[in-house]
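I opened the model with a short list of things to look up. My notes follow in the order I took them.

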Amino acid sequence: MKNFFLFCSLFLLIFTSVAQEKNTSFPNDFLGVYKGTLVISTSKSTKEIPMEFHLTKTDSIHRFNYILSYNGQPRNYTLIVKDLEKGIYEVDENNGIILPSKLANKTLYSFFEVQDNFLSSRLAFSKNQLDFEILFTATKNKTTTGKGTKEIPFVYGYPISVVQKAILKRESH
(Lines give C-alpha, C1' and ligand atoms only; values in the text may rest on other atoms or scores of the structure.)
Protein backbone atom coordinates (compact mmCIF):
# COMPACT_ATOMS: atom_id res chain seq x y z
CA MET A 1 0.00 0.00 0.00
CA LYS A 2 2.86 2.34 0.84
CA ASN A 3 4.45 1.71 -2.60
CA PHE A 4 1.09 2.28 -4.30
CA PHE A 5 0.71 5.65 -2.53
CA LEU A 6 4.27 6.59 -3.48
CA PHE A 7 3.63 5.60 -7.12
CA CYS A 8 0.38 7.61 -7.26
CA SER A 9 2.08 10.65 -5.72
CA LEU A 10 4.95 10.45 -8.21
CA PHE A 11 2.54 10.03 -11.14
CA LEU A 12 0.50 13.04 -9.99
CA LEU A 13 3.64 15.15 -9.63
CA ILE A 14 4.84 14.23 -13.14
CA PHE A 15 1.37 14.72 -14.67
CA THR A 16 0.98 18.13 -13.01
CA SER A 17 4.45 19.16 -14.21
CA VAL A 18 3.69 18.11 -17.80
CA ALA A 19 0.29 19.83 -17.72
CA GLN A 20 1.86 23.07 -16.47
CA GLU A 21 4.50 22.84 -19.23
CA LYS A 22 1.78 22.54 -21.89
CA ASN A 23 -0.14 25.48 -20.42
CA THR A 24 2.71 27.97 -20.79
CA SER A 25 2.26 30.48 -23.56
CA PHE A 26 5.27 31.92 -25.31
CA PRO A 27 6.08 34.77 -25.31
CA ASN A 28 3.37 36.09 -22.94
CA ASP A 29 4.36 33.93 -19.95
CA PHE A 30 7.97 35.06 -20.22
CA LEU A 31 7.58 38.82 -20.55
CA GLY A 32 9.86 40.90 -18.38
CA VAL A 33 13.32 42.23 -17.79
CA TYR A 34 16.14 39.73 -17.33
CA LYS A 35 19.58 40.72 -16.01
CA GLY A 36 22.92 39.04 -15.52
CA THR A 37 26.46 38.72 -16.82
CA LEU A 38 27.46 37.68 -20.32
CA VAL A 39 30.62 35.57 -20.49
CA ILE A 40 32.42 35.78 -23.84
CA SER A 41 34.95 33.00 -24.35
CA THR A 42 37.51 32.76 -27.15
CA SER A 43 40.68 30.69 -27.42
CA LYS A 44 42.63 33.76 -26.29
CA SER A 45 40.55 35.18 -23.45
CA THR A 46 37.38 35.27 -21.40
CA LYS A 47 35.54 38.52 -20.83
CA GLU A 48 32.48 39.35 -18.70
CA ILE A 49 30.07 42.21 -19.35
CA PRO A 50 26.70 43.18 -17.88
CA MET A 51 23.75 42.08 -20.00
CA GLU A 52 20.00 42.62 -20.02
CA PHE A 53 17.19 41.16 -22.08
CA HIS A 54 13.80 42.88 -22.24
CA LEU A 55 10.77 41.11 -23.68
CA THR A 56 7.72 43.38 -23.47
CA LYS A 57 4.34 43.91 -25.13
CA THR A 58 3.63 46.36 -27.93
CA ASP A 59 0.31 47.59 -29.32
CA SER A 60 0.16 44.53 -31.60
CA ILE A 61 -0.64 41.04 -30.26
CA HIS A 62 1.88 39.51 -32.70
CA ARG A 63 4.79 41.87 -32.04
CA PHE A 64 6.95 42.20 -28.92
CA ASN A 65 9.82 44.45 -27.95
CA TYR A 66 12.96 42.30 -27.92
CA ILE A 67 15.83 44.33 -26.51
CA LEU A 68 19.34 43.05 -25.90
CA SER A 69 21.57 45.34 -23.86
CA TYR A 70 25.32 44.81 -23.55
CA ASN A 71 27.29 47.09 -21.21
CA GLY A 72 24.27 49.42 -21.04
CA GLN A 73 24.08 49.75 -24.84
CA PRO A 74 20.61 48.58 -26.00
CA ARG A 75 19.86 46.93 -29.32
CA ASN A 76 16.17 47.42 -30.03
CA TYR A 77 14.69 44.51 -31.96
CA THR A 78 11.14 43.23 -32.48
CA LEU A 79 9.99 39.66 -31.98
CA ILE A 80 7.26 38.79 -34.49
CA VAL A 81 4.93 35.82 -34.14
CA LYS A 82 4.56 34.29 -37.62
CA ASP A 83 2.88 30.96 -36.77
CA LEU A 84 2.18 30.36 -33.07
CA GLU A 85 1.11 26.72 -33.51
CA LYS A 86 4.27 25.80 -35.46
CA GLY A 87 6.59 27.89 -33.27
CA ILE A 88 7.69 30.11 -36.16
CA TYR A 89 8.98 33.56 -35.20
CA GLU A 90 11.16 36.32 -36.62
CA VAL A 91 13.56 38.66 -34.89
CA ASP A 92 13.41 41.95 -36.76
CA GLU A 93 16.53 44.03 -36.14
CA ASN A 94 14.55 47.07 -37.38
CA ASN A 95 17.19 47.86 -40.00
CA GLY A 96 16.18 45.56 -42.87
CA ILE A 97 17.64 42.41 -41.24
CA ILE A 98 15.09 39.79 -40.20
CA LEU A 99 16.25 36.53 -38.61
CA PRO A 100 14.06 33.42 -38.78
CA SER A 101 13.55 31.77 -35.37
CA LYS A 102 12.04 28.54 -34.13
CA LEU A 103 10.49 27.90 -30.72
CA ALA A 104 10.73 24.39 -29.31
CA ASN A 105 10.30 23.44 -25.64
CA LYS A 106 10.35 27.08 -24.46
CA THR A 107 13.63 27.64 -26.32
CA LEU A 108 13.98 30.12 -29.18
CA TYR A 109 16.59 29.09 -31.76
CA SER A 110 18.09 31.01 -34.65
CA PHE A 111 20.87 30.15 -37.10
CA PHE A 112 22.22 32.57 -39.67
CA GLU A 113 25.21 33.65 -41.73
CA VAL A 114 26.58 37.17 -41.88
CA GLN A 115 29.82 38.37 -43.51
CA ASP A 116 31.15 34.80 -43.98
CA ASN A 117 30.39 33.83 -40.37
CA PHE A 118 27.80 31.43 -38.97
CA LEU A 119 26.00 32.33 -35.76
CA SER A 120 23.67 30.19 -33.72
CA SER A 121 21.57 31.66 -30.92
CA ARG A 122 19.60 29.88 -28.21
CA LEU A 123 17.35 31.53 -25.65
CA ALA A 124 15.96 28.95 -23.20
CA PHE A 125 13.19 30.33 -21.00
CA SER A 126 12.13 28.99 -17.63
CA LYS A 127 9.87 30.50 -14.99
CA ASN A 128 12.20 33.30 -13.86
CA GLN A 129 15.37 32.68 -15.83
CA LEU A 130 16.74 32.93 -19.35
CA ASP A 131 19.71 30.86 -20.50
CA PHE A 132 21.25 32.80 -23.37
CA GLU A 133 23.86 31.44 -25.76
CA ILE A 134 25.45 32.49 -29.04
CA LEU A 135 27.96 30.34 -30.93
CA PHE A 136 30.16 31.88 -33.62
CA THR A 137 32.35 30.38 -36.34
CA ALA A 138 33.99 31.71 -39.49
CA THR A 139 33.02 29.81 -42.64
CA LYS A 140 36.65 29.99 -43.82
CA ASN A 141 37.60 27.63 -40.96
CA LYS A 142 35.59 24.77 -42.48
CA THR A 143 37.02 21.30 -41.96
CA THR A 144 36.27 18.32 -44.18
CA THR A 145 36.27 14.68 -43.09
CA GLY A 146 34.85 11.49 -44.57
CA LYS A 147 35.52 9.90 -47.95
CA GLY A 148 32.86 11.41 -50.20
CA THR A 149 31.26 8.03 -50.83
CA LYS A 150 27.68 6.89 -50.34
CA GLU A 151 28.71 4.88 -47.27
CA ILE A 152 30.99 7.58 -45.80
CA PRO A 153 29.99 10.99 -47.17
CA PHE A 154 31.98 14.17 -46.68
CA VAL A 155 31.16 15.91 -43.41
CA TYR A 156 31.91 19.59 -43.06
CA GLY A 157 32.72 20.96 -39.64
CA TYR A 158 32.91 24.54 -38.48
CA PRO A 159 35.07 24.94 -35.36
CA ILE A 160 33.44 27.33 -32.91
CA SER A 161 35.70 30.27 -32.13
CA VAL A 162 33.50 32.35 -29.81
CA VAL A 163 30.97 31.25 -27.19
CA GLN A 164 28.76 33.82 -25.48
CA LYS A 165 26.75 32.56 -22.50
CA ALA A 166 24.65 34.19 -19.83
CA ILE A 167 22.20 33.10 -17.18
CA LEU A 168 19.82 36.02 -16.83
CA LYS A 169 17.39 36.31 -13.90
CA ARG A 170 13.95 37.84 -14.42
CA GLU A 171 13.72 40.93 -12.25
CA SER A 172 10.31 42.17 -13.33
CA HIS A 173 7.31 40.83 -15.23
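**Thr 149.** I started in a loop. The side chain of Thr 149 reaches the backbone nitrogen of Ile 152 at 2.9 Å. I use polar contact for a pair of N or O atoms within 3.5 Å; within protein, one must be able to donate a hydrogen and the other to accept it, and residues adjacent in sequence count only if both atoms are side-chain atoms. Thr 149 sits in the loop between strand 10 (143-145) and strand 11 (155-157). Its relative accessibility is 34%, so I logged Thr 149 as partly exposed. My scale: buried is under 20% relative accessible area, exposed is over 50%, and partly exposed lies in between (1.4 Å probe, protein chains only).

**Ground rules.** The model is predicted, so I kept local features to pLDDT of at least 70 and side-chain atom pairs to pLDDT 80 or more, while totals for chains, interfaces and linings use all residues. Residues are numbered from 1 along each chain as its sequence is written, and side-chain values use heavy atoms, with hydrogens and water left out.

**Overall layout.** I found 1 helix and 12 strands in the chain. Helices (H or I, at least four residues) and strands (E, at least two) are DSSP runs, numbered from the N terminus. The helix comes ahead of the strands in the order α-β-β-β-β-β-β-β-β-β-β-β-β. Of the 173 residues in the chain, 31% are buried. I took contact to mean heavy atoms within 4.5 Å. Among contacts with a separation of 6 or more, 37% join residues 24 or more positions apart.

**Thr 78.** My second threonine is in strand 4. Thr 78 has a relative accessible area of 10%, so I logged it as buried. Its side chain makes a polar contact with the side chain of Asn 94 at 3.2 Å. Not counting residues up to four places away in sequence, Thr 78 touches Arg 63, Phe 64, Tyr 66, Glu 90, Val 91, Asp 92 and Asn 94.

**Largest pocket.** I read its volume as about 500 Å³. A pocket is found on a 1 Å grid over the protein atoms alone: an open set of points where a 1.4 Å probe fits, with protein on both sides within 12 Å along at least five of seven lines; lining residues have an atom within 4 Å of a point. Points are joined across faces, edges and corners, and the volume is the space filled by probe spheres set on them. Which residues lie nearest its centre? I noted Arg 75, Tyr 77, Glu 93, Phe 112 and Ile 134, out of 25 lining residues. Strand 7 gives the largest share of the lining, 6 residues. Strand 1 (32-42) and strand 9 (129-138) are among those that supply at least two residues each. The lining divides into 18 nonpolar, 4 polar and 3 charged residues. Here Ala, Val, Leu, Ile, Met, Phe, Trp, Tyr, Cys and Pro count as nonpolar, Asp, Glu, Lys and Arg as charged, and the others, Gly among them, as polar.

**Core and strand 9.** The largest nonpolar core has 31 residues, and Phe 53, Tyr 66, Leu 79, Phe 125 and Phe 132 touch the most other members. Such a core is a set of buried Ala, Val, Leu, Ile, Met, Phe, Trp, Tyr and Cys residues joined through side-chain atoms within 4.5 Å. Beyond four places in sequence, the partners of Phe 132 include Leu 38, Met 51, Leu 68 and Tyr 70. Next I checked Glu 133, in strand 9. Buried or exposed? Glu 133 counts as buried, at 16% relative accessibility. With the same sequence cut, Glu 133 touches Ser 120, Ser 121, Arg 122, Gln 164 and Lys 165.

**Backbone oddities.** Most residues other than glycine have a negative phi, and most peptide bonds are trans. Phe 26 and Pro 27 are joined by a cis peptide bond, with omega about 0°. Pro 27 lies in the loop between helix 1 (2-22) and strand 1. Asn 105 has a positive phi of about 50°; its loop runs between strand 6 and strand 7. Asn 105 is exposed, at 69%. Gln 115 has a positive phi of about 45°, in the loop between strand 7 and strand 8. Gln 115 is exposed too, at 73%.

**Asn 128.** I finished in the loop between strand 8 and strand 9. The C-alpha atoms of Asn 128 and Lys 169 are separated by 6.0 Å, though 41 residues apart along the chain.
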